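Got the viewer open and a free hand on the mouse? Let's take a short walk through this one, stop by stop.

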Amino acid sequence: ELVGGAEDGAVVTPLFSVDLEQLRLAFDHVDDFGWNAFGWHDGDGPFVWVEGAHLGRPLFLRVMAEDPRGEEPPTKLYVR
C-alpha cells in the first residue's frame, strides 16, 4: 500500500521473478514441483508449488503470482 503522494492508499503488486532451479536447490529433496496457471478454488490465482523437505522438515510451498484476495497489504511504502 502506498502512503503519501498522489496515489496515497493505492495497493500495488510488486514485480518479481523466481529462479525455479534455485528454488528447487533450496530443498533437501523435492517430491513434487509445478505451475498451476489457474489457481485453486480459493481464488488466489496462479502459483508455483514445491513439495519436499527443507532443513530436514517437510514443506509445501506456494509462490503466488498475485497477493491473496481479502488480505490487508503486509507492507506500506512511504512515498513523496
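Start by selecting residues 47-54 and 57-64, which are strand 3 and strand 4. They pair in the antiparallel sense, and eight bridges hold the pairing. Keep in mind as you look around that this is a predicted model.

Now zoom in on a single rung of that pair. Click glycine 52 in strand 3, and you'll find it standing opposite leucine 59 in strand 4. Then slide along to the turn: the hairpin of these two strands has two residues between them. Pick leucine 55 there, which takes a positive phi near 50 degrees.

Next, add residues 29-36 to your selection; that's strand 2. How many bridges join strand 2 to strand 3? Seven, and these two strands run antiparallel. For a rung to look at here, select asparagine 36, which stands opposite phenylalanine 47 in strand 3.

Zoom out a little. With three strands selected, you have an open sheet in the order 2-3-4, with antiparallel pairing. Strand 2 and strand 4 are the edge strands, each pairing on one side only. Turn the view and look for the twist, which averages 10 degrees from one strand to the next. While you rotate, remember that in a regular strand the side chains alternate between the two faces of the sheet.

Time for some rings. Go back to phenylalanine 47 and show arginine 62: the arginine lies over the face of the ring, at 5.0 Å from its centre. Then try phenylalanine 33, where arginine 24 lies over the face at 4.8 Å from the ring centre. As for rings meeting rings, a search of the whole structure finds one aromatic pair.

Last stop: the largest pocket, with a volume of about 180 Å³. To find it, select lining residues including Glu1, Val11, Val12, Asp67 and Leu77. What classes of residue make up the lining? Six are nonpolar, one is polar and three are charged.

Terms used: Residues numbered from 1 in each chain as written. Predicted model: local features only at pLDDT ≥ 70, side-chain atom pairs only at ≥ 80, totals over all residues. Heavy atoms only, no water. Phe/Tyr/Trp six-rings, centres within 6.5 Å; stacked < 30°, edge-to-face > 60°. Lys NZ or Arg CZ within 6 Å of the ring centre and 35° of its normal. 1 Å grid on protein atoms, 1.4 Å probe; cavity = no way out; pocket = protein on both sides within 12 Å on 5 of 7 lines; lining within 4 Å. Points joined across faces, edges and corners; volume = space filled by probe spheres on them. Nonpolar A, V, L, I, M, F, W, Y, C, P; charged D, E, K, R; others polar. Pairing = 2+ DSSP bridges. Helix = DSSP H or I, 4+ residues; strand = E, 2+ residues; numbered from the N terminus. Axes fitted to C-alpha atoms, helices over the stretch in contact; angles between N-to-C directions.
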